[in-house]
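Thank you all for coming; I would like to take a few minutes to walk you through one model. Please have a look at it first, and then I will go through the ligand site and a few places in the backbone.

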Amino acid sequence: MEKNRYLTFALGKGRLANKTMETFEKIGITCQEIQDKKTRKLIFVNEELKMRFFLAKGPDVPTYVEYGAADIGIVGRDTILQERRNIYEVLDLGFGACRMCVCGRAEAKELLRHHELIRVATKYPQIAKDYFYNKKHQTVEIIKLNGSIELAPIVGLSEVIVDIVETGSTLKENGLEVLEEICPLSARMVVNQVSMKMENERISKLIQDLKSVL
Ligand code: PRP
């Protein structure tokens, strides 16, 4: 590959991007500009390392990587499972650890056990579909929401939800609980399939360096 080609990173906005840059700093990859909270800039460059970083909405990160607009993405496993893009998942960064779960009131356990036709509210319809249809072989009605998913069983929109549980306090404060665990989640590094071949040396070194500090 051309020597002066920039390696482009798409980072999920927010906590994920901050944790990513903290980890990158440990292996000598820095980017001062990105730390500036007031900046309206969308893309940040480290000329010396020939690297570019941009911040995107989490669910868009796999899209940028699949199309090669970014060589590398850092994104939660929840988003990878939901978006199902053609990308390589190469590294578990460990941070952002949480679980994807089926949650609801304690009484809803029985509905799950008897494979009742229930409603499932979620921000992750693909993950819910995979779990109920392919793994549990239970027919359910999936309702897509965009946030505050815990509201759904409280106001009677659905019997259960499929959502991320980190500390469990949102559930607890709303009289809900984990009924079934779907899978563990954390931040992952994903790579464009062509970049993995064309930039193999740089990307492999990056993975090795990251492994040594994780
Ligand atoms: C996430 C998730 C839960 C909550 C879990 O929501 O959807 O609601 O965090 O965290 P806890 O187990 O530590 O309480 P987020 O804050 O991202 O907002 P959202 O509900 O609007 O998606």
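What follows goes from the whole chain to the ligand, and then to some single residues.

Let me say at once that this is a predicted model, in which local features need pLDDT of at least 70 and side-chain atom pairs count only at pLDDT 80 or more, while totals for chains, interfaces and linings use all residues. Residues are numbered from 1 along each chain as its sequence is written, and side-chain values use heavy atoms, with hydrogens and water left out.

The protein chain has 10 helices and 11 strands, where helices (H or I, at least four residues) and strands (E, at least two) are DSSP runs numbered from the N terminus. Taken along the principal axes, its C-alpha atoms fill a box of roughly 60 × 35 × 30 Å. Of the 214 residues, 43% count as buried, and here buried means under 20% relative accessible area, exposed means over 50%, and partly exposed is in between, with a 1.4 Å probe and protein chains only.

Now to the ligand. Which residues are around the ligand? They are Lys123, Gly147, Ser148, Glu150, Asp163, Ile164, Val165, Glu166, Thr167, Gly168, Ser169 and Thr170, each with a heavy atom within 4 Å of the molecule. This shell divides into two nonpolar, six polar and four charged residues; Ala, Val, Leu, Ile, Met, Phe, Trp, Tyr, Cys and Pro count as nonpolar, Asp, Glu, Lys and Arg as charged, and the others, Gly among them, as polar.

As for polar contacts, that is, pairs of N or O atoms within 3.5 Å, an oxygen atom of the ligand is 3.1 Å from a backbone N or O atom of Ser148, and a backbone N or O atom of Gly168 lies 2.7 Å from a ligand oxygen. In the case of Thr170, an N or O atom of the side chain is 2.4 Å from an oxygen atom of the ligand. The elements that give two or more residues to the shell are β9 (160–165) and α8 (169–173), and the largest share, three residues, comes from β9.

Let me turn to the backbone. Most residues other than glycine have a negative phi, and that is the background for the next three residues. Lys50, in the loop between β2 (43–46) and β3 (51–56), has a positive phi of about 55°, and Lys50 is partly exposed, with a relative accessible area of 21%. Arg84, in the loop between α4 (77–83) and β5 (88–92), has a positive phi near 45°, and with a relative accessible area of 53% Arg84 is exposed. His137, which follows α6, also has a positive phi, near 55°; within helix α6 (residues 125–135) the buried residues are Gln126, Ile127, Ala128, Tyr131 and Phe132.

I will end with two buried positions. Ile74, in strand β4 (residues 72–76), has a relative accessible area of 0% and so counts as buried; its C-alpha atom is separated by 6.7 Å from that of Ala187, although the two are 113 residues apart along the chain. Asn192, in the loop between β11 (187–191) and α9 (193–198), is buried as well, at 7% relative accessible area, and a polar atom of the Asn192 side chain lies 2.9 Å from the backbone nitrogen of Val194.

Methods. A polar contact is a pair of N or O atoms within 3.5 Å; within protein, one must be able to donate a hydrogen and the other to accept it, and residues adjacent in sequence count only if both atoms are side-chain atoms.
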